[in-house]
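Got your viewer open? Let's take a walk through this one, a stop at a time.

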Amino acid sequence: MRLPPPTLPLFLLVFLLAVLASSCGGPAGYRPDQRPQTLYYGTPYPSRSSPPGYQQPAYPQQNYRQPVQQTTLGGNNSRPSITAAFIRKGSFGRKRQRFMQPRYITIHSTQNYDSASDAAAHARLLQKGALTARGNSLGYLTWHFTVDERSIYQSLPENEQGQHADYEGPGNRISIGIEMCENRGNSRSRTLDRTAQLTAHLLKKHGIPLSNVVPHQHWRRIRYSDGRDLGHKNCPHFLMDNNGRPGAQWARFIAQIRRYL
Ligand SMILES: [Zn+2]
């Protein structure tokens with residue numbers, strides 16, 4: 001069929017727009033915590049049910065349904081508060097729930113420098129199931145708390161496993177994951193201080209020793225999808241000033257937590 005002359009450029013324009021739209025992967029403005037080789041957008045990796053021999057422990061009866069709830073750390077109004085913004089039970093990163101007794105606290109940073117990517121924005125991404133991760137067994141990235149200079153959002157109950165550290169390793173099975181925001185304009189020192197207060201609160205609440213506060217870098221990552229050893233991640237990168245390992249900055253952060261214990 002011969003197209004009349006004005007239709008052809010219009011057709012090309014529509015085609016070009018379609019190509020452009022399809023090439024923009026991932027949620028708008030999101031730069032994931034994980035490096036590209038460990039993060040997959042697209043179809044979630046098919047999750048398999050619990051590993052052989054795994055028995056789901058009796059799930060504690062707690063009400064996590066409140067959409068937003070403020071809890072003040074230490075019951076003192078001058079202390080930061082936690083905004084509960086849980087991923088809906090049974091959906092996205094909570095479509096499978098695994099009980100855990102937290103024994104460690106794992107500290108991350110988002111490496112997401114978009115100015116709008118504060119704690120609330122990350123909590124919304126988790127609630128929308130926007131952070132898919134094909135390489136892990138769940139198909140999504142999940143963690144417990146996101147902290148910025150003025151707020152703390154909680155996305156997972158502290159007794160549920162997340163997918164933030166080391167696939168099926170202990171970093172996910174027995175640790176609470178905290179992400180520190182790095183959005184442009186956000187104060188790093190205030191974020192660190194708020195994270196230190198939150199960490200101290202969690203240590204006391206769960207009877208975890210300070211020595212079990214670790215950077216993400218602590219955990220060796222064996223990718224679930226193909227068993228590849230991805231080694232240790234330089235995260236949170238701004239506290240790993242000893243060639244990608246804990247050094248003086250990390251020691252300073254631990255001392256900051258100790259002051260709140
Ligand atoms: Zn991390």
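Here is a short tour, from the whole chain down to a few odd backbone spots.

**The whole chain.** Keep in mind that this is a predicted model. Colour by secondary structure and you should find 5 helices and 11 strands. The chain has 261 residues, and 38% of them are buried. Take the contacts between residues at least 6 apart in sequence: 72% of these join residues at least 24 apart.

**The core.** Now select I105, V147, I178 and L198. Within the largest nonpolar core, a set of 40 residues, these four touch the most other members. Which elements give two or more residues to this core? They are β3 (104-109), α2, β6, β7, β8, α4 (188-206) and α5. The top contributor is α4, with 6 residues. As a general point, nonpolar side chains in soluble globular proteins tend to be buried together.

Zoom in on L198 and show what surrounds it. Leaving out residues up to four places away in sequence, L198 touches L73, P80, F145, V147, I152 and I178.

**Helix α2.** Next, select residues 119-128, which form α2. Buried here are A119, A121, H122, A123, L125 and L126. What covers them? The cover includes β6 (145-147), β7 (152-154) and β8 (175-180). Step just past the helix and you reach G129, where phi is positive, near 70°.

**Where α4 meets α5.** Show α4 and α5 together. Their axes come within 8 Å and cross at roughly 55°. Because of that angle, α4 counts as oblique to α5. The crossing is right-handed. To see the contact itself, select L192, D193, A196, T199 and A200 on the α4 side, then F253, Q256 and I257 on the α5 side.

**A hairpin.** Move to β10 (residues 220-222) and β11 (residues 229-232), which pair in the antiparallel sense over 3 bridges. Pick I222 and look across to β11: its bridge partner there is D229. Between the two strands of the hairpin are 6 residues, and G227 has a positive phi near 70°.

**The loop after β11.** Carry on along the chain to P236, in the loop between β11 and α5. The peptide bond joining C235 and P236 is cis, with omega about -5°. The same loop, between β11 and α5 (248-259), also holds H237. Is H237 buried or exposed? It is partly exposed, because 16 other C-beta atoms lie within 10 Å. Not counting residues up to four places away in sequence, H237 touches S109 and Q111. Try a distance to P215 as well: H237 and P215 are 22 residues apart in sequence and 9.3 Å apart in space, C-alpha to C-alpha.

**Two unusual phi angles.** Most residues other than glycine have a negative phi, and the last two stops go against that habit. Select F92, in the loop between β2 (81-84) and β3. F92 is not a glycine, yet has a positive phi of about 40°. F92 counts as buried because 20 C-beta neighbours sit inside 10 Å.

Finish at Y167, in the loop between β7 and α3 (170-173). Y167 is not a glycine either, and has a positive phi of about 55°. Y167 is buried, with 23 C-beta neighbours inside 10 Å.

Conventions: Residues numbered from 1 in each chain as written. Predicted model: local features only at pLDDT ≥ 70, side-chain atom pairs only at ≥ 80, totals over all residues. Pairing = 2+ DSSP bridges. Helix = DSSP H or I, 4+ residues; strand = E, 2+ residues; numbered from the N terminus. Buried ≥ 20, exposed ≤ 12 C-beta atoms within 10 Å, placed from the backbone. Contact = placed C-beta atoms within 7 Å. Core = buried A, V, L, I, M, F, W, Y, C linked by C-beta atoms within 7 Å. Axes fitted to C-alpha atoms, helices over the stretch in contact; angles between N-to-C directions. Parallel < 35°, antiparallel > 145°, perpendicular 65-115°, else oblique. Left-handed = near helix turned anticlockwise from the far one by under 90°.
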